[in-house]
Amino acid sequence: MEPFHSADDIALEEHFEIHIPNQQPEQVHVKSGLPHNDSGDDIPPKVHMCFDSLDDVKQFYKNYSIRSGFGIRTSTSARGEDNEINYIKLVCSREGNYMSAIPPELKTVPTKAKQCKASITAAKKDGQWFIRSIVTDHSHDISPKKSRLIRGNRKVDMHSRQTVETNDDAGVRINKSFRSLVSEAGGYEHVNFIERDVRNYIGQQRRSLCKDVDGQALLRHFSKMRELNNDFFFEIDMDEDNRICNVFWADARSRAASEDFGDVVSFDTTYLTNKYDMPFAPFVGVNHHGHSILLGCGLVSAEDTRSFVWIFELWLRCMYNKPPEGIVTDQCKAMLNAIREVFPNTKHRWCLWHIMKKVPEKLQGYTNYKSIKTELKRLVYDSITMGEFELGWHAFIGQYDLTTNDWLTTLFDERHHWVPCYLKSQFWAGMSTTQRSEGLNAFFDGFINSGTTL
């Protein structure tokens, strides 16, 4: 089926202003996430279907994908003037053309991306969500019987969670716990998750903050800080079991500094602060003296898109909904996704130092490694214009026969995020790396270590 409107067409409309044709949209009645028509049969997505919320749209398309035999993910989204999401594109999980940095002969799992075009787009109008376009054709085989095991569709149910938690507290190994769940369910075909999901869940539980009364102590401390200064801001993210997952806080000085010096922010999560291995995530800026200033702090239980979206949204709300003009991070896919969702108009720069640090690991196996390294540095640091860099890059790749190097191919595709000549027109306050954040981390070394409680 041809799409009603492409995402590019919608992007050209004024601030994603939505024009619904003069016809009655088909109302979807959601019952436990499954839409039904009057006869009670499950129905596929259709243009003009109407939903009450964005969550209803996502749940509807996810349920449809499970019945049909494929997985889904969010591709793009956009926010309106009120900073609320008003447009989203959901795609098949095998959309895109993923270029792995691992050589094909060393890969143990085949690449899943197949440039699949199956997708839906939805937009918000007058408080309701409408499906704008649909593409149903897939570029790969789909399997309804196995769709429950696709990454986005897997879920460890409550009974299984309680079982593996009890077994873990008793010292039972995770693989044995998983086999017992399979046996209890009557075989692998009746289990909607894999052993890796159980391991990930137990890992999250072990990193949970609400142990040894740390969580309560943290809450008391934050409450005391709020009593001393009403401008102290904090938020704690709880899971369904009322355990702390993520934390964000910023004092009055940080909030005031962000108004003048929040144009460019460095965000880094490479510093571990406590006994739960929870990454410390500082927002760091630069003042008019060139000194590093703290613009907020966070602790995250998992370095995934959800956690980063949560902490970025909190930082934005804390700083009076003023997004930064530029943000510097390391080369993290989850951060990239979160920044696109929360800061769609912010220029995103990857830490150049982290990328160049990988050169020995990725290229040392070549005979002309020293010459390759020297030429690559010259290209990156000495290219004045984008055209000069691209011409030099193609000559460099051809001269050293590097066309099959997936890492270099990916770097070139993402050159707008890290090559200096592509970024020099943007104000960066002198930052091209996350060194500001890492320098601030060094300041904390004298006070905290991996055994420090909250």
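This passage looks at the aromatic rings of a predicted model, and at the charged side chains that sit over some of them.

A pair of aromatic rings is described by the distance of the centres and the angle of the planes. With rings whose centres lie within 6.5 Å taken as a pair, the count comes to 25 aromatic pairs. One of them joins F308 and F312, whose rings are 6.3 Å apart, centre to centre, with 20 degrees between the planes. That angle is under 30 degrees, so the pair counts as stacked. Both residues belong to helix α8, which covers residues 305-318. They are 4 residues apart there, or about one turn of the helix. F308 and F312 are both buried.

Another pair is made by F389 and W393, and this one is tilted: the centres are 5.5 Å apart and the planes meet at 40 degrees. Here the setting is helix α13, residues 386-399, where a spacing of 4 residues puts about one helical turn between F389 and W393. As for exposure, F389 has a relative accessible area of 0% and is buried. W393 comes out at 3%, so this residue is buried too, the cut-off being under 20%.

Back in helix α8, F308 and F312 also turn up in a wider group. They form one aromatic cluster together with F233, F248, F267, F283, W315 and F343.

Then there are the charges. The charged end of R349 sits over the ring of W428, at 5.3 Å from the ring centre. R415 does likewise with F412: its charged end lies over that ring, 4.1 Å from the centre.

How values were computed
Residues are numbered from 1 along each chain as its sequence is written. This is a predicted model: local features need pLDDT of at least 70, side-chain atom pairs count only at pLDDT 80 or more; totals for chains, interfaces and linings use all residues. Side-chain values use heavy atoms; hydrogens and water are left out. Rings of Phe, Tyr and Trp (its six-membered ring) pair if their centres lie within 6.5 Å; planes under 30 degrees apart count as stacked, over 60 as edge-to-face and the rest as tilted. Helices (H or I, at least four residues) and strands (E, at least two) are DSSP runs, numbered from the N terminus. Buried means under 20% relative accessible area, exposed over 50%, partly exposed in between (1.4 Å probe, protein chains only). A charge sits over a ring if NZ of Lys or CZ of Arg is within 6 Å of the ring centre and within 35 degrees of the ring normal.
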